[in-house]
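Hi everyone, thanks for making time for this. I'd like to walk you through a structure that is new to most of us, so please pull it up and follow along.

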Amino acid sequence: MCGIVGYVGYREASDVLVGALRRLEYRGYDSAGVAVLNGRGIEVRRCVGKLVNLEKLLITEPLRGAIGIGHTRWATHGRPSEENAHPHRAGNVVLIHNGIIENYLELKAELTAKGRTLSSETDTEVIAHLVDEEMKGGVSLVHATRNAVRRLLGSFSIVVMSDTEPGRLVAAKTATPIVLGLGERENLIASDIPAILEYTRDMLFLEDGEMAEVTRDAIVLTDFEGNVRQRAPKRVTWDPVTAQKGGYKHFLQKEIHEQPQALIDTLRGRIRLETGDAPLAELDPIDDRLGKIDRITLSACGTAWHATLVGKFFLNQLARLPAEVDYASEFRYRAPVLGERDLVIVVSQSGETADTLGAVEEAKRAGALTLAICNVLDSSIARRCDAVIYTHAGPEISVASTKAFTTQLAALFLFAVRLGRRLDRLDASQASVLLAHLRNIPQLTEQALSLESRVAQIARRHANAQDFLYLGRGVNYPVALEGALKLKELSYIHAEGYPAGEMKHGPIALITDQLPVVVMAPKDDVYSKTISNLKEVESRGGRIIAITDEPSDELERIATDLLVVPKTHSLLSPFTLTIPLQFLAYQVAVERGSDVDQPRNLAKSVTVE
Ligand code: BG6
C-alpha cells in the first residue's frame, strides 16, 4: 500500500506533491520520490527513508515546473532503497505505481530479451518499460499506457508522464484506489482523498479497469478498451484529519475494516485450487531442508504470539508435525534443544521486535532452519531468516494490531498447506478443499464487519466492568487470548483469556454477575464441551457474551448477548470470530475515552529488550 499523487496546473508542482505525500505517509514511509517536467524535460528526485529526507533534498536540489508526480513507498518487491524508490524512468516515460504486478518476472524477461536494461528490483519498473516500448511504436502516451496495462496481472494504480507529451498525465487502475481532484486551472490525482482535499472537494473516483487522461483544463475518462466514460464528480465534505482515516474515527477502526482487502492481498497468487497447492516461491530456496524437518517451534511477541498459537493447530493438523510455541523473550534464554531438522518460525508485523530478533539469533546459533512471517519488507527479522513469507496488510498505524493478525493467520495456513503437501501428509483434494475455504475468508470477514453496531450496543453495557474473562477451546483458545489482549491494550480493563475447559480449575472463582464472560462457541467438534462450560458460568450468574457461527435456542437462552459470525471450516473459524472481539475492545475503549490509536505505555514495535 503506497501513496501516489499527480498534479498539473499553475502552482509549483513539487510543493503540491510533497504536501500531498505528507498526508499519505500513513500508506507507506520507507522511501519517496517526485518527478517534475519543465523546460529541461522530466527531472526526478528520490530518497530512501521518511518523506522528510526528500524534503531536505528538494531544498538543495529544487525542482521547478507545474506538472509532476510523487510517491511514498511501502515496499513489496525490492528492498527500500533509492534505486527501488519511485518514480521509475524508462526512456521518455516516468511512472509511479501502487499495487502488486504478479506477472512481472515474465514481462521482465521479455523486455530484457528485447535488449532493455532494468536497474531496480521492483515490479513497477517493468510497466515503465512496457509503456516506453509502446511509445517507440509511435503511439500516444494514453494509447501506449492502455496497451501496457492490458498486459498486467495483479493490482495496480499507476500515473505516467512523458517528456514527449508535456502538460499531460495518464492514470490507470485495477484493484487499488485512485481519486481525481477537479480544480480551477488545475487537476490532481491521488490514491486517497486526504492528499488533495486542500485544493478541491470535487472528486472523481476511478473504477477498476478505467483510465484518466489529465491535463490542466480537462479530465477524460476511458476504459481499458478505449471507450469514453462520463461521470459527475462527487463533493467530499470531510475535514482533512478524518480523511486520513478514510472517514473512520480512528486508524484502529479503519484497520479492522481493511482486513478483507489485506487478506485478499496476502492470498493473491498463493492459492492454486486445481492442483491443491499454495505456491510460495519464496520457500523454494529452503525446500530441500523443509523436506527433512521433523519438529517446528513458533515464536513471537504480543498479538503475533497469538497468531503462532493458531499456527500450531494448522501445522499439527495439516503437516502432522509436532509444533511448540514459545514467547520470544522466553525462547531466547531457555537454551532450546534444537538442531538441523528443526524449523523455527517467527512472526512479527514490524520485523523489528528485539525479542523476536533475539529468538532468530538463538535458533540460528543452534543450526535450526529459520522462517519469518513479516509485514515489513526487508525488515531486520526478514533479512536475518533463511526465508520469509510476507503478509500484505499494508502499514499498520494503530499501536494495537488487528489486520496484521488475520493476515498472519492466512500466511501460517498457506505455509501449513504447503508443508503438508511437501511431506505428503496432505493430498491434493484435501488441500484443495481447505484452500477453497481459505479463499472465501476475505468475503466472510467482510460479512462479519457488519456486526460493528451490534457490538457497540453490547460494549456500552459492559464498558464499566472491572474485569473480563475470555474463553475458547482448541484453535479458538488463542482467539480468546487475543480478545483479552485487545481489551487490555485499548481500554486498560483487566482481562484474561483462558481455555474454556480449564476455567473450572481456577478462574471460575472470579465469576459474579459483574463479570462479562466472552465465549467463542463455534459449532465445531468441541461445541458440546463449550456449552457445558457456558452452563458453569451461567449457574454462577456470569454475564455471557457468546460468539458462534450457528445460533441455537440453547445459546440464545444461556447467553446475555449472542453474536453470530459467518460459518467456515472449523480450522478457519479464528478469522471470523476475531472480528467481533476487535470491535468489542475498540468500542469499550471509545466508551471509556481512551486514546485508541496510541494507548498508554505501548509502542507499535519494541526494538529494545
Ligand atoms: C507490541 C505491539 O509492541 O509488539 C503489539 O504493541 C505487537 O501490537 C507486538 O503485537 C509484537 O510486534 P511485532 O511487530 O513483532 O508483531
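Let's begin at the ligand. Helix α10, residues 302-319, gives the most to the shell around the ligand, with three residues. Before we go further, please keep in mind that what you see is a predicted model.

How many residues surround the ligand, and which come nearest? There are 14 around the ligand, and those that come nearest are S348, Q349, S350, T353 and A603. Sorted by class, that shell has seven polar, five nonpolar and two charged residues.

Now for some individual contacts. A polar side-chain atom of S350 sits 2.6 Å from an oxygen atom of the ligand. From A603, a backbone N or O atom lies 2.7 Å from a ligand oxygen. And a polar backbone atom of T303 is 3.0 Å from an oxygen atom of the ligand. As for how covered the ligand is, taken alone it exposes 390 Å², and the protein buries 93% of that.

Next, let's turn to the sheet. In what order do the strands of this open sheet run? The order is β5-β6-β7-β8-β12-β13-β14, seven strands with antiparallel pairing. The edges are β5 and β14, residues 228-229, and each of them pairs on one side only.

For anyone who would like a reminder, strands of a sheet pair through backbone hydrogen bonds, either parallel or antiparallel.

Let's start from the β5 edge. Strand β5, residues 88-90, pairs with β6 in the antiparallel sense over three bridges. Within that pairing, R89 has V94 in β6 as its bridge partner. The two strands form a hairpin with two residues between them, and in the turn G91 has a positive phi of about 60°.

Moving one strand over, β6 and β7 run antiparallel and are joined by nine bridges. If you'd like a pair to look for there, L95 stands opposite V160 in β7. Is β6 mostly covered or mostly open? It is mostly covered, with nine of its nine residues buried.

At the other edge, β13, residues 219-223, pairs with β14 over two bridges, again in the antiparallel sense. Here T222 stands opposite V228 in β14.

Now let's talk about salt bridges. The count for this model comes to 50 salt bridges, and I've picked a few to show you.

One is between the side chains of R23 and E198, at 3.1 Å from N to O. Why is this pair worth a look in terms of sequence? R23 lies in the loop between α1 (13-22) and β2 (31-38), while E198 lies in the loop between β10 (187-190) and β11 (202-205), so the pair ties together parts that are 175 residues apart in sequence. The partners also differ in how covered they are: R23 counts as buried because its relative accessibility is 17%, which is under the 20% cut-off. E198, at 55%, counts as exposed.

Another is E102 with R268, where the closest N and O atoms are 3.4 Å apart. E102 is in the loop between β6 (93-101) and α3 (104-113), and R268 is in the loop between α8 (259-267) and α9 (287-290), so this salt bridge ties together parts that are 166 residues apart in sequence. E102 counts as partly exposed, at 39% relative accessibility.

The third one on my list is E110 with R151, with closest N and O atoms 2.8 Å apart. This pair links distant parts of the chain, with E110 in helix α3 and R151 in the loop between α5 (141-149) and β7 (154-162), 41 residues apart. Both partners are partly exposed: E110 is at 26% relative accessibility and R151 is at 35%. There is also a network, in which R40, E43, R45 and E61 are joined by salt bridges that share partners.

One last stop, back around helix α3. Where does K114 sit? Its place is in the loop between α3 and α4 (124-136). K114 is partly exposed, with a relative accessible area of 49%. Its C-alpha atom is separated by 9.6 Å from that of E133, which is 19 residues away along the chain.

That's my tour, and I'm happy to go back to any part of it. Thanks for listening!

Terms used
Residues are numbered from 1 along each chain as its sequence is written. This is a predicted model: local features need pLDDT of at least 70, side-chain atom pairs count only at pLDDT 80 or more; totals for chains, interfaces and linings use all residues. Side-chain values use heavy atoms; hydrogens and water are left out. A residue is near a molecule or strand if one of its heavy atoms lies within 4 Å of it. A polar contact is a pair of N or O atoms within 3.5 Å; within protein, one must be able to donate a hydrogen and the other to accept it, and residues adjacent in sequence count only if both atoms are side-chain atoms. Accessible areas come from the Shrake-Rupley method with a 1.4 Å probe; for residues, only the protein chains shown count as cover. Helices (H or I, at least four residues) and strands (E, at least two) are DSSP runs, numbered from the N terminus. Ala, Val, Leu, Ile, Met, Phe, Trp, Tyr, Cys and Pro count as nonpolar, Asp, Glu, Lys and Arg as charged, and the others, Gly among them, as polar. A salt bridge is a side-chain nitrogen of Lys or Arg within 4 Å of a carboxyl oxygen of Asp or Glu. Buried means under 20% relative accessible area, exposed over 50%, partly exposed in between (1.4 Å probe, protein chains only). Two strands pair if DSSP finds at least two bridges between them.
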